[in-house]
Number of protein chains: 2
Amino acid sequence: MSTQSRKQREIQEREQRILETAWPLLIEQGYLGLSMDRIAETLQYSKGTIYNHFSCKEEIIIALAIQTTEKRTRLFERAAAFRGTSRERIHAIGSAATIFVQLFPDHFKLEHIIRSSSIWEKTSEKRRTIMRSCERRCMGIVGGIVRDAIAHADLTLDDGIVPEDLVFGLWSISVGAFSIITTSDQLVELGIQEPFETYRQNVHRLLDGFGWRPLSADYDSVAVDDRIRAEVFPEEFRAISA
Amino acid sequence: MSTQSRKQREIQEREQRILETAWPLLIEQGYLGLSMDRIAETLQYSKGTIYNHFSCKEEIIIALAIQTTEKRTRLFERAAAFRGTSRERIHAIGSAATIFVQLFPDHFKLEHIIRSSSIWEKTSEKRRTIMRSCERRCMGIVGGIVRDAIAHADLTLDDGIVPEDLVFGLWSISVGAFSIITTSDQLVELGIQEPFETYRQNVHRLLDGFGWRPLSADYDSVAVDDRIRAEVFPEEFRAISA
DNA sequence: TGGAATTATTGACGTATCGTCAAAAAATGT
DNA sequence: ACATTTTTTGACGATACGTCAATAATTCCA
């Protein structure tokens, strides 16, 4: 019994160690830098053992992507639990998204890799389902705040507009901004000195455009951001600042 | 002389044929599907000859990306030349971006592939420079419209906000929306029935948030969109509808 | 506890692809 | 007609993927 559980635990832990070994290879050298042989060599296991855990390279990649995506989802959940006006809560989501990118600047590299059709299609349906459900959960959280805002009359959507449309807008602007930030090497030359700050402001413009109260003009969004970072994400904030 | 030019021309044309052969391989099977051997086999040349044109796989990929990016830039230039209010002209840019995605739905796959660090870093500085200059040109076009809007008092930016901030917002929301549209397989399940339409509306909300006149409420953006498609992009519009 | 049954591990193997380079072929110039 | 330059070729070495039969370790049960 105890022997079994020891072995079982060893196998379990190995899975995590494989992922930890894979991460820097993938981040530093991309898809091609991740080699099953090198993982095996590093961990002193034979290749076959690695394949016992992950049936192909792509499975390792999506497993890593799931880990970071789940971390983001948890940040979103904490942000949504912030006690404040609907506008402050949606603001907290923006802060969570930004903190996530700053804590895991490499996540978007992964996201790019995993979305390549050649990679995505080789992953198992099981893991793809997990990814999709993370995506749905994130959208659900944001959608919930939008609905709350409507319920509290902070926001009124025009006819034919559903909460998901707004969520899609926030999702788009965030994915786009962070993609650009993490892949463009000439933002400063293009006139974007502080991309994260610009992102934050643009999100507010978008919310203003939907008429979400209180509008930017009415409150000091920098102060709100500080408060959220201090109250909701004190630890993460310290990690970023350090 | 005539023999030389014939040979020269043959070599020139071959380059394009290589790219045409590479495109479907890359789109259908991703980075891994693109094989130098297969290109050589298909075109009945030896591998060495292919390598005379492109020093590595990645050069082929970026060459393809440059071709589509240049097409987009030309669409943007035509959109910017639209004679109308600043708001209509920026609207035309949005239409151009949408038309581009619909004409070249696979471009974003390429964009994803090329942005992978492992690929990007293997490309030649020469071609990277071309890509960057395309990017700058696109931003410049949009920035010019923003400046015109300010000059015509259609738009007033708050202190500390520069035109590039707004451009970054439009860029983000577009890149994000199209990335999501081309890679997510559950948009409908997530409640986004007509992503392109939602994108268009979100862009307007963002512009409204910046106070760009006339605001959405004041005019029929669907009519403007129809007019732009008919006047500026009649041919492309037909191609999409067909 | 000892040995059968099950499970986990190993690493050589077949296949595929990359990018190179010396030799062969073709084109060009005199 | 022959020398020089340019282009093409494909065999080659290197690397990596994923498989699988053989081996080792572990578990189970009498």
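Buried means under 20% relative accessible area, exposed means over 50%, and partly exposed lies in between (1.4 Å probe, protein chains only). The model is predicted: local features need pLDDT of at least 70, side-chain atom pairs count only at pLDDT 80 or more, and totals for chains, interfaces and linings use all residues. Residues are numbered from 1 along each chain, chains are lettered from A in the order in which they are written, and side-chain values use heavy atoms without hydrogens and water.

**Exercise 1. Which residues of α6(A) are buried?**

Step 1. Find the helix. Helices are DSSP runs of H or I with at least four residues, and strands are runs of E with at least two, numbered from the N terminus. Helix α6 of chain A covers residues 107-115.

Step 2. Apply the cut-off. Eight of the nine residues of α6 in chain A are buried. They are A:H107, A:F108, A:L110, A:E111, A:H112, A:I113, A:I114 and A:R115.

Step 3. Recall the geometry. An α-helix has 3.6 residues a turn, so residues three or four places apart point the same way.

**Exercise 2. Describe the fold of chain A.**

Step 1. Count the elements. Chain A has twelve helices and zero strands.

Step 2. Take the extent. The C-alpha trace of chain A spans about 60 × 50 × 40 Å along its principal axes.

Step 3. Check the cover. Of the 242 residues in chain A, 57% are buried.

Step 4. Look at contacts (heavy atoms within 4.5 Å). Take those in chain A between residues at least 6 apart in sequence: 72% of them join residues at least 24 apart.

**Exercise 3. How many disulfides does the structure hold?**

Step 1. Set the test. A disulfide is a pair of cysteine sulfur atoms within 2.5 Å.

Step 2. Try A:C134. Its closest cysteine sulfur is in A:C138, 6.3 Å away, which is too far for a bond. A:C134 is buried, at 2% relative accessibility.

Step 3. Try B:C56. Its closest cysteine sulfur is in B:C134, 20 Å away, again too far for a bond. B:C56 is buried too, with a relative accessible area of 16%.

Step 4. Give the total. Over all chains there are zero disulfides.

**Exercise 4. What relation links chain A and chain B?**

Step 1. Superpose by least squares on the C-alpha atoms of residues with pLDDT of at least 70 in both copies. A turn of 180 degrees, with a shift of 0.0 Å along the axis, lays chain A on chain B with an RMSD of 0.1 Å.

Step 2. Name the relation. That is a two-fold axis.

Step 3. Inspect the interface. Of the interface residues of chain A, 100% are also interface residues in chain B, so the copies meet through the same surface.
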